[in-house]
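User: Could you take a close look at one helix of this model and explain how its residues are placed, and then set that helix beside the sheet and the chain contact?

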Amino acid sequence: MGKYFEIKNLAVGFKTFEGIRPVLNIESLSINRGETYGVVGESGAGKTVLALTILGLLPKPAGIVHSGEIWFDGQDLLKKTEQELYENYRGKRLTMIFQDPMSTLNPVFTVGQQIERVVQKQQNLKGEMCTKRVLELLDVVQLPDARSMLKKYPHELSGGQRQRIIIAIALSCGAEFLIADEPTRNLDVTIQAGILKLIGELQKEFKMSVLFIANNVGLVNVFCKNAGILYRGKLVEDGPSAQVIHEAKHPYTQTLISAIPRLKSEKLKFASIVIKPEAEQGCPYYSRCIIAEEGCARQVPMLETINGAQKVACFLAGRRSL
Amino acid sequence: MSEVLVKIENLKKYFPVRSDAIINTRMNWVKAVDGVDLEIQSGETIGLVGESGCGKTTLVNVLLRLEDPTEGKMFFNGINITRLSQKALRQTIREHIQIVFQDPFWSLNPRLLVRDIVGEPLTVHQKLPLLKLIQRVEDLLEMVGLPRDSVYKYPHEFSGGQRQRIAIARALALEPKLVVLDEPTSSIDILSQAQILDLLMQLKNRLGLTYILISHDLSVVHYMSDRIIVMYLGKVVEQGPAETVFNSPVHPYTQALFHAIPSLDMNSLDELQTLEGNVPSAINPPSGCRFHTRCPQVMPVCSSVEPEMVRMDENHQAACHLLG
C-alpha cells in the first residue's frame, strides 16, 4: 500500500497540427493525507494541466495521457472509467477551486441556484434540506447574511465574495482532496489574505489534503508544507517548502526566488532571453540555465534526493550555485 | 536639482450615478477621487498604492486629462492643465505625458503592425516621413530589448512580457518627461516581471524620466519607488519616502496592507493579517475617517471627525487620529 496520493511517471501530451506536444512529465509527486502541497511555475508550465489530469477533465480528444499512474487512496485514477470518476470521485472525494473568480460562476443564475444544483445532484437533497445545507455552506465560508446572498447574481458580489461562493461549491460534498488552482489570482492583497486564511482553516477543520497551485513562491511559503517547482511540465525541485524556498538547489528555483523584488538596493536576477539553443534530449532548463555544462544537453536529469526530503532534478545541484 | 513637474491641488473627480428610482431628483455621485494634493518632482518615481476601487487609476486618468476633473487644479511643468481644450492639450502636454496600460493583451490593437502601434504617436506629433519613422521605431524597439525586425509583426506574435515592451516603446516614442505605469507587470509572469522592472529602471536613468507607478503588488512598488502614496477611497492616507513608509508605516491601513502580503520570511498563515470586509461604497463613503469601518484600532472619534494630514517628519505624512 503506497502513499495516500501519489503520481508516478505521468506523461501527458497535447495533439497539435505538428504532432503530439509533450506537456507534462512528472516522475513522482506525493501528498500525505491531510497535508498541503504547493506547485509553483510560470504560466505554460503545466500546472493547470496537472490539476485537470488528476480530475480526469483533460480536454478530449486533444489531451492524451501517454503513461503513468495517479494513485489516490489505493486506487489508480487513470484506470477509472468516466462513469466511475463521475459517480465516486469528482466532486465527492476530489474537488477543485478554479482560477478566475470573475468567470467561474454562471452570470445568469443566482448564487443560490448554482450551489443548490451541485448539492441536489451530488447529495440527492431536496427542498428544505437542500436550502439548509446551502446556508450551512455559506456559513462555513464565512459569508455573512447568507439568506440574502442566495438571491444575488454573481455580478452583485465582489471578487472575494465570489471566490468564497466557489469555495462553498467545491466543498459542498465533503471532499477530502482539494485542488486549488491559483485561488487568489486577480484579488487584492487584503482579500487574498482572507481567502488564504479561509482555505487554511477549512483544510485543518475538514482534514483535507490540498494541492495548491500558484505562480507566486510567497503564497506557497506561507500556505504549504511541501512544495514542488514545475518547469515546462517537469518537476525540477521537490521537498518541504522551507527547504525548497530557502535552500533552493535547482538553478531555476534560485532564479525564480531572486526575481521577487524585495529591497531597492538588491539587484533582481533573472534568466535573460534564450541564451543557448534548445537541447533536444537534455535538461528542459538547459537553454536558460546559467550554470549548464555540456553534459546537461545530452541527458535529462532525474529527481534525486539531495538533502533529507528535498529532491532536485539537476546534475549540478549543490555543486555550484548562482 | 528638483523642480516640481506635476502639482495637484485638491483634485476631485465625481462620477454621476443613477439610483434605482425611475424619477430621481437627487443625483448620486461616486467620489472616485476626493480632494487629493500631490507634488511630483522631476526625476522621481512615485508609487501609488491601494486596493482596487480606491481611485488610483481615476487619479492618473484625470492627470492625463483622459477624464475631466470635477474640481481642483493641476499643473504640469508650470502650465495649468485643468481646463485646457483637447487641441491645446495636444499642443502642450500630450507629448510629455505618456502611459503604459495594465494589460498588454488589450492595450495593443491586434490589427496593427508593431510599426504602426509604436509609430502612431510619431505620426500624430512629429509627422515623420515613413522611412524615418521606421528607422525611429526600430531604434525604439532596440532600446526596449526587442529585435529590430519586429516592426513588421503583429502583437499576437509576442509573449506577454514582449508585448509590454512594445507598449513601453510606444510610450517612450515622443521622449516624454512623465510616464504613468498603470500596473505594468500585473498580468505577466514573475521572471518577465523582473526583466520589465529592470528595463524600466535602466530607461529611467538613461532618459531622465519621471514615473508614476500604480501597482497593488507592494514588493514591486517598494523596489521601484522613491516615494509612496497610499490611497483609500479616493483620499491619500499616507505618503512619504519609500523606505520610511515601508519600514515604519504609521497609518493602520498601510500597516494592514503590508501585513497582508505573504512573504518569504513568513512561516505560517497566522502571520498574515486580514482586513475585514470590502472597500465601502464610494457613493456613500463612511463619515469621519473613511477607514474606520475596517480599522483594527478604531476609536469613537474616528466615525465623526475626519482626520487631518499629520506631518511625521519633513516628507512623511499620514491622516489618522492616532497620530494627532
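Analyst: A residue is called buried here if 20 or more other C-beta atoms lie within 10 Å of its own, and exposed if 12 or fewer do, with the C-beta atoms placed from the backbone. The model is a predicted one, and the part to examine with that cut-off in mind is helix H4 of chain A, which runs over residues 127–140.

H4(A) has 14 residues and reaches 20 Å from its first C-alpha to its last, close to the 20 Å expected at 1.5 Å a residue. Its buried residues are Val134(A), Leu137(A) and Leu138(A). Seen down the axis of H4(A), these buried residues fall within an arc of 100°, so they line one face of the helix. On the other side of H4(A), Glu128(A), Lys132(A) and Asp139(A) are exposed. The cover over the buried residues includes three helices of chain A, namely H3 (111–123), H5 (146–150) and H6 (159–171). H4(A) is followed by Gln142(A), whose phi is positive, near 60°.

Turning from the helix to the sheet, chain A holds an open sheet of 8 strands in the order S6-S7-S8-S3-S9-S10-S12-S11, with mixed pairing. Its edge strands are S6 (94–97) and S11 (304–307) of chain A, each of which pairs on one side only, and neighbouring strands of the sheet are turned by 20° against each other on average, direction ignored. At the S6 edge, S6(A) and strand S7(A), residues 177–181, pair in the parallel sense over 4 bridges, and within that pairing Met96(A) has Ile179(A) of S7(A) as its bridge partner. Helix H10 of chain A, residues 251–258, packs on the sheet and touches strands S9 (226–231) and S10 (234–240) of chain A, its direction making about 100° with that of S9(A).

As for the contact between the chains, 31 residues from chain A and 30 residues from chain B take part. On the side of chain B that touches chain A, helices H6 (190–207), H7 (218–224) and H9 (252–259) of chain B each supply at least two residues, and the largest share, 6 residues, comes from H6(B). By class, that side of chain B has 17 nonpolar, 10 polar and 3 charged residues.

Note on methods. Residues numbered from 1 in each chain as written. Chains lettered and ligands numbered in written order. Predicted model: local features only at pLDDT ≥ 70, side-chain atom pairs only at ≥ 80, totals over all residues. Pairing = 2+ DSSP bridges. Axes fitted to C-alpha atoms, helices over the stretch in contact; angles between N-to-C directions. Contact = placed C-beta atoms within 7 Å. Nonpolar A, V, L, I, M, F, W, Y, C, P; charged D, E, K, R; others polar. Expected span 1.5 Å × (residues − 1). Arc of directions from axis to C-beta.
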